[in-house]
Amino acid sequence: PLGMESIDVVRGSGSGNPGWWWGADGTVASPAEIAKFPPLAAPTGPVGTTGPGPGALPPLSSVPYLPEFATAPIDKSSPEAAAMSAAKWAREKYPDLFVKAATDRQACADIMAKVIGAMRAAGFDATRVVNHTSFPPSNPVRWGSDSIALNGRIFDLYGDMGGKSTPQVLDVGDYAADRQRE
């Protein structure tokens with residue numbers, strides 16, 4: 001409760017852009033009315049629910065925030081440069097996941113969570129590519145194994161995933177506006 005005003009901070013459904021909507025009824029609450037509201041407290045959610053600060057985008061349900069994302073050396077000169085630097089960072093920081101990626105789809109999902117989390121912490125609206133909407137979000141087969149959605153396009157970030165797993169930024173085409181992403 002915010003008194004006589006409300007703020008909607010939910011991303012516009014399918015818009016790909018954060019949304020703000022502020023509503024007010026035009027009245028001013030008296031001190032007595034304001035005193036009826038409980039004091040605001042600091043957020044108390046589980047670890048991984050808040051980002052590193054200004055400029056970061058909120059975490060995704062499938063990519064909770066980890067403090068290490070804020071330390072990733074992301075090249076902010078362009079979205080493509082950011083994707084390449086995030087892919088290289090994950091490749092260097094999590095070699096054990098790449099060994100597993102050859103036969104373990106969950107390892108692929110975990111790798112892409114690291115890449116996407118680091119990019120979002122740096123302010124880039126990277127999301128997972130949803131390849132199989134019939135699978136629930138808990139099933140790693142649902143997600144692209146080595147791709148991201150970024151600026152309305154799909155980028156493949158690793159050549160030979162699970163083998164050499166060479167970082168790359170291969171533009172593989174438009175991400176259809178009506179296609180689900182997360």
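Q: The expected span of a helix is 1.5 Å times one less than its number of residues. With that in mind, how far does α4 reach from its first C-alpha to its last?

A: In this predicted model, α4 has 17 residues and reaches 24 Å. The rule gives an expected 24 Å at 1.5 Å a residue, so the reach of α4 is close to expectation.

Q: What happens at the two ends of α4, at its start and just after it?

A: At the start, a side-chain oxygen of Asp-104 comes to within 2.9 Å of the backbone nitrogen of Gln-106. The cut-off for a polar contact is 3.5 Å, so this pair qualifies. Just after the helix, Gly-123 takes a positive phi of about 95°.

Q: Why is α4 described as largely enclosed by the rest of the structure?

A: A residue is buried if its relative accessible area is under 20%. Of the 17 residues of α4, 14 are buried, so the helix is largely enclosed.

Q: Which element gives the most to the largest nonpolar core?

A: That is α4, with ten residues. The core itself has 35 residues, and those with the most contacts inside it are Met-119, Ile-148, Leu-157 and Tyr-158. The elements giving two or more residues to it are α2 (79–93), α3 (95–100), α4 (105–121), β4 (143–150) and β5 (153–159). Apart from this core lies another, of seven residues, including Val-130, Trp-143, Ile-154 and Tyr-175.

Q: Why are β3 and β6 said to stand at the edges of the sheet?

A: The open sheet has four strands in the order β3-β4-β5-β6, with antiparallel pairing. β3 (127–130) and β6 (166–174) each have a single partner strand, so one side of each is left without a neighbour in the sheet. From one strand to the next, the twist averages 45°.

Q: How do you know that β3 and β4 pair?

A: Pairing takes at least two bridges. Three bridges join β3 to β4, so these antiparallel strands pass the test. Among the details, Val-130 stands opposite Trp-143 in β4, and the bridge partner of Thr-127 is Ala-149, also in β4.

Q: What makes β4 and β5 a pair?

A: Four bridges link them in the antiparallel sense, and at least two are needed, so they count as paired. Ile-148 stands opposite Phe-155 in β5. The hairpin of β4 and β5 has two residues between the strands, and in this hairpin Asn-151 takes a positive phi near 55°.

Q: How many residues of β4 are buried?

A: Seven of its eight residues are buried, so β4 is largely enclosed by the rest of the structure.

Q: Which strands do the helices α2 and α4 lie across?

A: α2 lies across β4, β5 and β6, and runs at about 140° to β6. α4 lies across β3, β4 and β5, running at about 20° to β4.

Q: Is Arg-142 buried or exposed, and what does its side chain reach?

A: Arg-142 lies in the loop between β3 and β4. Its relative accessible area is 5%, which is under 20%, so Arg-142 is buried. The side chain of Arg-142 reaches the backbone oxygen of Thr-133 at 3.3 Å. That distance is within 3.5 Å, so the pair counts as a polar contact.

Conventions
Residues are numbered from 1 along each chain as its sequence is written. This is a predicted model: local features need pLDDT of at least 70, side-chain atom pairs count only at pLDDT 80 or more; totals for chains, interfaces and linings use all residues. Side-chain values use heavy atoms; hydrogens and water are left out. A nonpolar core is a set of buried Ala, Val, Leu, Ile, Met, Phe, Trp, Tyr and Cys residues joined through side-chain atoms within 4.5 Å. Buried means under 20% relative accessible area, exposed over 50%, partly exposed in between (1.4 Å probe, protein chains only). Axes are lines fitted to C-alpha atoms, for helices over the stretch in contact, and angles run from 0 to 180 degrees between N-to-C directions. Contact means heavy atoms within 4.5 Å. A polar contact is a pair of N or O atoms within 3.5 Å; within protein, one must be able to donate a hydrogen and the other to accept it, and residues adjacent in sequence count only if both atoms are side-chain atoms.
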